[in-house]
Amino acid sequence: MRPVSGFLRANRLDPAHLDVPAICRAYVEEMERGLAGRPSSLPMIPTYIETSRPLARGRRVIALDAGGTNLRVAAVSFDASGTPVVEGLTRGRMPGVESAVTREEFFRTLADAVRPHLADSDRIGFCFSYPAEITREKDGRLIQFTKEIKAPEVEGQLVGSGLLQALGASGRAKVVLLNDTVATLLAGRNAVPGRRFDDFIGLVCGTGLNAAYVERNALIRRLPGSVGTDGSMVVNTESGSFARGARGAVDDAFDATMNNPGRYRHEKTISGAYLGALCRFAAESAARAGVLSPEAGRAIPQAASFSTRDLNDFLLYPDRTDHPFGAAVAGRDEDARALYRLCDTIVERAAAMVAVNLAGVVLKSGRGRDPRYPVCITVDGTTFWQLRTFRFRVESWMRRLLSGRSERAWEITSVEDAPLLGAAIAALTN
């Protein structure tokens with residue numbers, strides 16, 4: 001069999017053979033182009049969400065979290081100490097996950113989830129985890145669905161207005177719509193009273209991938225002139241759409257099998273919605289290239305599915321046969337070693353690309369120069385926190401990218417229910 005190392009290098013799957021610092025510089029360049037309104041793979045969406053306003057205490061709002069494949073709604077308030085109080089939490093599935101839905105069906109499902117809480121408040125913080133062009137009124141026009149959501153009639157629609165219309169509450173309730181990364185940033189800012197940080201970043205690395213940070217209005221040249229240059233706001237980078245990352249022939253072929261080929265290709269090399277499937281696709285390609293035995297090549301495609309959870313099981317328990325890859329290479333040590341190396345290296349590349357996202361944002365912000373006051377990076381998402389050693393891999397790559405002349409102080413933290421709490425904070429402060 002051919003060595004797996006050659007296959008990994010030829011297909012740009014091994015970050016040891018990529019110029020990761022150059023990719024990080026390209027990421028900063030794309031950020032600057034997006035902020036200026038020039039053509040860029042990073043939209044750099046202004047959110048009009050401010051972070052400097054005080055948080056009202058004891059006032060209930062409705063928090064709606066439409067993230068990935070899940071839908072959650074609750075009444076949320078913050079007590080005198082700033083501790084969140086979550087009441088009446090309900091959970092459901094996002095419309096369009098299992099089958100295509102119409103515009104009417106989509107908004108009716110959201111309205112049915114929110115309606116029982118309307119007695120609690122007339123303000124709704126709506127964490128909407130899909131790319132949307134945010135208006136000055138803090139509504140959002142959906143650009144496109146990601147994560148395989150199938151509701152094409154909703155694309156191009158104002159999401160907050162559509163929800164209010166379905167509720168029959170237009171003119172009587174207010175929706176503040178924000179991305180899950182923005183909500184995560186807000187939740188992190190509220191969770192560390194008494195500590196001084198130089199700035200705040202939100203990262204979501206779970207089903208999807210994205211980052212948000214605070215930018216001065218004067219540097220967001222794509223803003224309409226009426227906004228003014230004073231102050232700052234949170235910017236949603238839509239980092240999953242970055243087009244100058246690490247991709248090779250396997251990534252190209254994998255992308256062609258998706259419902260949205262050509263879109264969000266950076267996310268498809270990293271996020272939990274795709275990482276397991278990418279490893280399976282790469283394993284099939286490796287078998288055809290002679291890296292794995294014919295027996296493994298026949299067994300791998302027979303697996304019903306290979307999710308990122310299956311990938312994690314394989315990396316943690318490679319000798320077990322109750323998951324697809326363990327069963328495919330059972331009793332064949334050479335295959336098992338090659339397949340493990342393949343999957344582990346693809347995960348390492350994903351970690352390097354997440355570090356590119358974070359380091360790029362830290363460098364663009366210009367913050368974290370004083371070691372006493374680091375940049376606080378709040379991360380939400382199971383891929384980051386639960387995939388084997390992923391967090392530590394990301395941190396290792398960040399230390400390489402933010403050292404020497406680019407040295408910055410930073411700290412990674414988490415907040416339970418960050419998207420839901422961030423949505424509530426947005427409704428209370430904007």
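How many of the eleven residues of H5 are buried? The points below start there and work through the cores, two helix contacts and a few single residues. Please keep in mind that this is a predicted model.

1. **Helix H5.** Nine of the eleven residues of H5 are buried, so this helix is largely enclosed by the rest of the structure. If you would like to pick them out on screen, the buried ones are Asp180, Thr181, Val182, Ala183, Thr184, Leu185, Leu186, Ala187 and Gly188.

2. **H5 against H14.** Helix H5 (residues 180-190) meets helix H14 (residues 418-429), with the two axes coming within 7 Å and crossing at roughly 80°. Angles of 65 to 115 degrees count as roughly perpendicular, which means that H5 is roughly perpendicular to H14. On the H5 side the contact uses Ala183, Thr184, Leu186, Ala187 and Asn190, and on the H14 side Ala418, Pro419, Leu421, Gly422, Ala423, Ile425 and Ala426. Sorted by class, the contact of H5 with H14 holds nine nonpolar and three polar residues, and no charged ones.

3. **Ala423, a residue of that contact.** Ala423 belongs to helix H14. Its relative accessibility is 0%, and buried means under 20%, so Ala423 counts as buried. Setting aside neighbours within four places in sequence, Ala423 is in contact with Ala63, Leu64, Gly125, Phe126, Cys127, Leu178 and Ala183. There is also a long step in sequence to look at here: Ala423 and Phe128 are 295 residues apart along the chain, and their C-alpha atoms are separated by 9.1 Å.

4. **The cores.** In soluble globular proteins, nonpolar side chains tend to be buried together. Here, the largest nonpolar core has 115 residues, and the members that touch the most others are Phe106, Phe126, Phe128, Leu339, Leu342, Ile377 and Phe390. Helix H11 (residues 333-365) supplies the largest share of this core, 17 residues. Apart from it lies another core, of 32 residues, including Val61, Ala74, Val415 and Ala426.

5. **Leu342, a member of the largest core.** What does Leu342 touch beyond its neighbours within four places in sequence? Its contacts are Val4, Phe7, Leu8, Cys279, Ala282, Ala283 and Ala286.

6. **H2 against H11.** The axes of helix H2 (residues 20-35) and H11 come within 9 Å, with a crossing angle of roughly 50°. H2 and H11 are therefore oblique to each other, and their crossing is right-handed. From H2, the residues in the contact are Val20, Ile23, Cys24, Tyr27, Val28, Met31, Glu32 and Leu35; from H11, they are Ala352, Met353, Val356, Asn357, Ala359, Gly360, Val361, Leu363 and Lys364. By class, the contact of H2 with H11 divides into 13 nonpolar, two polar and two charged residues.

7. **Arg349, a charged residue to check.** Is Arg349 buried or exposed? This arginine lies in helix H11, and with a relative accessible area of 0% Arg349 is buried. Beyond its neighbours within four places in sequence, Arg349 is in contact with Arg12, Leu13, Pro15, Leu18, Ala246, Arg247, Asp251, Thr269 and Leu278. One of these, Leu18, is 331 residues from Arg349 along the chain, yet the two C-alpha atoms are separated by 9.2 Å.

8. **Ser285.** This serine is found in helix H7 (residues 275-288). Ser285 has a relative accessible area of 11% and is buried. Not counting residues up to four places away in sequence, Ser285 touches Phe7 and Val250. Phe7 also appears among the contacts of Leu342.

9. **Two positive phi values.** You may want to look at the backbone at Met44 and Asp417. Phi of Met44 is near 50°, a positive value in a residue other than glycine. Met44 lies in the loop between H2 and strand S1 (45-46), and at 0% relative accessibility Met44 counts as buried. For Asp417, again a residue other than glycine, phi is positive and near 60°. Asp417 sits in the loop between strand S13 (410-413) and H14. At 28% relative accessibility, Asp417 counts as partly exposed.

Definitions and conventions
Residues are numbered from 1 along each chain as its sequence is written. This is a predicted model: local features need pLDDT of at least 70, side-chain atom pairs count only at pLDDT 80 or more; totals for chains, interfaces and linings use all residues. Side-chain values use heavy atoms; hydrogens and water are left out. A nonpolar core is a set of buried Ala, Val, Leu, Ile, Met, Phe, Trp, Tyr and Cys residues joined through side-chain atoms within 4.5 Å. Buried means under 20% relative accessible area, exposed over 50%, partly exposed in between (1.4 Å probe, protein chains only). Helices (H or I, at least four residues) and strands (E, at least two) are DSSP runs, numbered from the N terminus. Contact means heavy atoms within 4.5 Å. Axes are lines fitted to C-alpha atoms, for helices over the stretch in contact, and angles run from 0 to 180 degrees between N-to-C directions. Angles under 35 degrees count as roughly parallel, over 145 as roughly antiparallel, 65 to 115 as roughly perpendicular and the rest as oblique. Ala, Val, Leu, Ile, Met, Phe, Trp, Tyr, Cys and Pro count as nonpolar, Asp, Glu, Lys and Arg as charged, and the others, Gly among them, as polar. A crossing is left-handed if the near helix is turned anticlockwise from the far one by less than a right angle, and right-handed if clockwise.
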